[in-house]
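Colleague: I should like to learn how to read a model of this kind, from the whole chain down to single residues. Would you take me through it step by step?

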Amino acid sequence: KEIEVGFPAASQPDYDFVRWLIEGDHIPADVTIQVLVQARQELVTRSFEALRGARRAIVHVYNSTSTVQRERVFGRDRDGIKAIAVDGARMLRDEAARHPETEWVFQYSPESFSQTELDFARDISNAVISAWEPTRDHPMILNLPNTLEACSPNVYADRIEWMSKHIQNRESVIISVHPHNDRGCAVASAEWAVLAGAQRVEGAIRGNGERSGTVDLSPFAFNYCSQVIDPRLRVDKI
């Protein structure tokens with residue numbers, strides 16, 4: 001019941017669609033919308049403008065962390081990339097304080113987690129956790145993507161388990177996974193990641209979207225049913 005509905009800072013149609021959802025009262029009371037945004041002030045401000053009036057919303061901020069993107073895209077060392085993440089976290093915190101009428105949930109992704117050294121993924125995640133200071137009652141989401149499906153399902157699960165054991169304030173952090181499907185193993189990656197400690201999975205019906213696609217929630221749900229586990233997803237009207 002958490003649905004990413006767009007990237008409102010990226011285009012006017014995305015922005016207008018989010019406004020249409022809110023102004024037209026098209027969001028069911030038990031559904032939370034989510035938007036994606038890069039860790040840049042003008043984009044963060046625009047995203048919060050798009051979400052004004054929402055009952056509850058997740059703001060998903062991200063920045064790339066892999067070695068090659070640190071060196072070739074940003075030209076920054078680890079401390080420089082960590083500063084981008086912490087600045088983005090503070091931007092979300094400050095913007096949320098200006099809109100107290102909405103229940104805000106913060107989500108952070110170290111983009112290219114699957115190609116990032118684990119100790120750096122831990123350090124940058126801990127820096128964001130410290131900036132947001134989540135609690136058990138108001139947890140944050142730490143989303144760990146298998147970008148380009150660079151990891152096979154077993155390796156991805158090992159990385160999720162390691163992160164689950166090494167991040168700080170673990171009880172106040174919901175570990176989310178976002179497996180891509182370049183290898184065709186996204187469903188397996190999601191199942192293994194949940195066994196390894198993940199509490200949330202980002203996917204799509206039929207896996208459509210994002211280049212090679214993401215987790216197809218249909219077989220993911222049916223696989224749980226086959227093990228007599230209720231996936232809490234309606235699979236009777238696929």
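Modeller: We shall go from the overall fold to the cores and then to selected residues. Please keep in mind that this is a predicted model.

Colleague: Which secondary structure elements does the chain contain, and how many of each?

Modeller: The chain has 8 helices and 9 strands. Its C-alpha atoms occupy a box of roughly 45 × 45 × 35 Å along the principal axes.

Colleague: What does the radius of gyration say about the chain?

Modeller: The general idea is to set the value beside that of a compact globule with as many residues. For 238 residues the globule would have a radius of gyration near 18 Å, and the 17 Å of this chain therefore agrees with a compact globule. The contacts add to the picture: of those with a separation of 6 or more, 74% join residues 24 or more positions apart.

Colleague: What share of the residues is buried, and what makes up the accessible surface?

Modeller: A residue counts as buried when its relative accessible area is under 20%. By that criterion, 50% of the 238 residues are buried. The accessible surface is about 11,600 Å², and carbon and sulfur atoms account for 50% of it.

Colleague: How far apart are the mean positions of the positive and negative charges?

Modeller: The chain carries 27 positive and 34 negative charges, and their mean positions lie 1 Å apart.

Colleague: Which residues touch the most other members of the largest nonpolar core?

Modeller: That core has 52 residues, and Tyr108, Trp132 and Ile160 touch the most other members. Apart from it lies another core of 7 residues, including Ala186, Val187, Phe220 and Tyr224.

Colleague: How should I read the sign of phi in the backbone?

Modeller: Most residues other than glycine have a negative phi, so a positive value deserves a second look. Glutamate 149 has a positive phi of about 45°, and arginine 232 has one of about 60°; neither is a glycine.

Colleague: Where do these two residues lie, and is each buried or exposed?

Modeller: Glutamate 149 sits in the loop between strand 5 (140–146) and helix 6 (153–166). With a relative accessible area of 1%, glutamate 149 is buried. Arginine 232 belongs to the segment after helix 8 (217–226), and its relative accessible area of 76% makes it exposed.

Colleague: Which residues does glutamate 95 touch, leaving out those up to four places away in sequence?

Modeller: Glutamate 95 touches Gln41, Val44, Thr45 and Phe48. Glutamate 95 is part of helix 4 (residues 78–97), and it is buried because its relative accessible area of 7% is under 20%.

Colleague: Where is glutamate 117, and what surrounds it?

Modeller: Glutamate 117 is in the loop between strand 4 (103–111) and helix 5 (118–132), and it is partly exposed at 25% relative accessible area. Beyond residues up to four places away in sequence, glutamate 117 touches Thr67, Arg70 and Arg78. Distance in sequence and distance in space should be read separately: glutamate 117 and arginine 159 are 42 residues apart along the chain, with 9.9 Å between their C-alpha atoms.

Colleague: What can be said of isoleucine 238?

Modeller: Isoleucine 238 lies in the segment after helix 8 and is partly exposed, with a relative accessible area of 48%. Leaving out residues up to four places away in sequence, isoleucine 238 touches Arg206, Ser218 and Phe222. Isoleucine 238 and valine 155 are 83 residues apart along the chain, and their C-alpha atoms are separated by 31 Å.

Notes. Residues are numbered from 1 along each chain as its sequence is written. This is a predicted model: local features need pLDDT of at least 70, side-chain atom pairs count only at pLDDT 80 or more; totals for chains, interfaces and linings use all residues. Side-chain values use heavy atoms; hydrogens and water are left out. Helices (H or I, at least four residues) and strands (E, at least two) are DSSP runs, numbered from the N terminus. The radius of gyration is taken over C-alpha atoms; the globule rule is 2.2 Å times the number of residues to the power 0.38. Buried means under 20% relative accessible area, exposed over 50%, partly exposed in between (1.4 Å probe, protein chains only). Contact means heavy atoms within 4.5 Å. Accessible areas come from the Shrake-Rupley method with a 1.4 Å probe; for residues, only the protein chains shown count as cover. Lys and Arg count as positive and Asp and Glu as negative; His and the chain ends are not counted. The place of a charge is taken as NZ of Lys, CZ of Arg, CG of Asp or CD of Glu. A nonpolar core is a set of buried Ala, Val, Leu, Ile, Met, Phe, Trp, Tyr and Cys residues joined through side-chain atoms within 4.5 Å.
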